[in-house]
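Q: I would like to take a close look at a single part of this structure, and then see how some other parts are put together. Please go slowly, as I am in my first year.

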Amino acid sequence: NTTLTVNALTSATNPTTTVETCAGSSFTLNLGTIQGTNLVFGWYKDWAKITTSEGGLYSNFTTSGLGFNNVPLSLTGNYFAVVSGLCSEITTTGTTITANPLNSISSITVSSANICEGSAFQLGFQSISGVNLKYQWLKNGNPLSAISDGGIYGSSFSTTGLVFSNALLSLSGENYAVSVVGFCPSIVSSSVNPLIKTTTSA
């Protein structure tokens with residue numbers, strides 16, 4: 001008697017078409033449903049085969065799940081697998097991976113060094129980075145709104161610059177900061193304490 005073994009054709013489904021992550025994160029890109037006999041896996045980035053860990057960036061690059069560790073911004077690219085088996089070899093369609101920068105913000109700036117009671121001034125910052133950013137200004141750690149302090153901030157409490165339309169003496173020395181929320185983890189800036197001077201009267 002002769003035993004006839006019919007082996008399945010090699011197949012593997014793509015895990016996903018796109019992945020977005022943050023710089024410094026770690027994750028695994030796993031193939032979906034896999035079948036075949038005596039399978040061998042190879043992973044590629046932009047048609048260059050991954051053959052080393054590249055300083056620990058990649059792990060398990062000869063298995064069905066490619067590991068990414070402490071990813072840099074340069075990780076961005078198209079990743080796919082070539083799966084070879086007893087019957088055939090297939091190439092997955094690929095996954096575009098984008099590594100986004102972590103949120104960062106410079107120190108808060110004040111538009112004027114001399115702020116007099118009743119005058120207008122603005123808080124802002126020199127530089128910021130991140131993806132899909134939203135802003136929330138804080139006073140003493142509490143979120144500001146359109147009605148805070150008599151409405152002197154207008155709608156600027158959720159923009160890149162907090163506008164004081166009327167510098168109230170009672171606000172002198174209060175702690176102001178901005179919370180920045182984006183695709184990557186949120187951060188809160190360092191605080192600033194604007195000093196408001198009494199208007200000199202004759």
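In which strand does Ser179 lie?

A: In this predicted model, Ser179 lies in strand S20, which covers residues 176-181. The relative accessibility of Ser179 is 14%, and because buried means under 20%, Ser179 counts as buried. Leaving aside residues up to four places away in sequence, Ser179 touches Lys134, Tyr135, Gln136 and Leu138, and also Ile187 and Val188.

From this strand we can turn to two sheets elsewhere in the model. As general background, the strands of a sheet pair through backbone hydrogen bonds, and this pairing is either parallel or antiparallel.

One open sheet has 3 strands in the order S3-S8-S7, and its pairing is antiparallel. Strand S3 (27-30) and strand S7 (58-59) stand at the edges, and each has a single partner strand, so one side of each is left without a neighbour in the sheet. Between S3 and strand S8 (residues 65-68), which run antiparallel, there are 4 bridges; Phe27, for instance, has Phe68 in S8 as its bridge partner.

Another open sheet of 3 strands follows the order S13-S15-S19, with antiparallel pairing. Here strand S13 (108-110) and strand S19 (162-164) are the edge strands, each pairing on one side only. On average, neighbouring strands of this sheet are turned by 20° against each other, if direction is ignored. S13 is joined to strand S15 (residues 121-125) by 3 bridges, and the two run antiparallel, with Val110 standing opposite Leu123 in S15.

Methods: Residues numbered from 1 in each chain as written. Predicted model: local features only at pLDDT ≥ 70, side-chain atom pairs only at ≥ 80, totals over all residues. Heavy atoms only, no water. Buried < 20%, exposed > 50% of the residue type's maximum accessible area, 1.4 Å probe, protein only. Contact = heavy atoms within 4.5 Å. Pairing = 2+ DSSP bridges. Axes fitted to C-alpha atoms, helices over the stretch in contact; angles between N-to-C directions.
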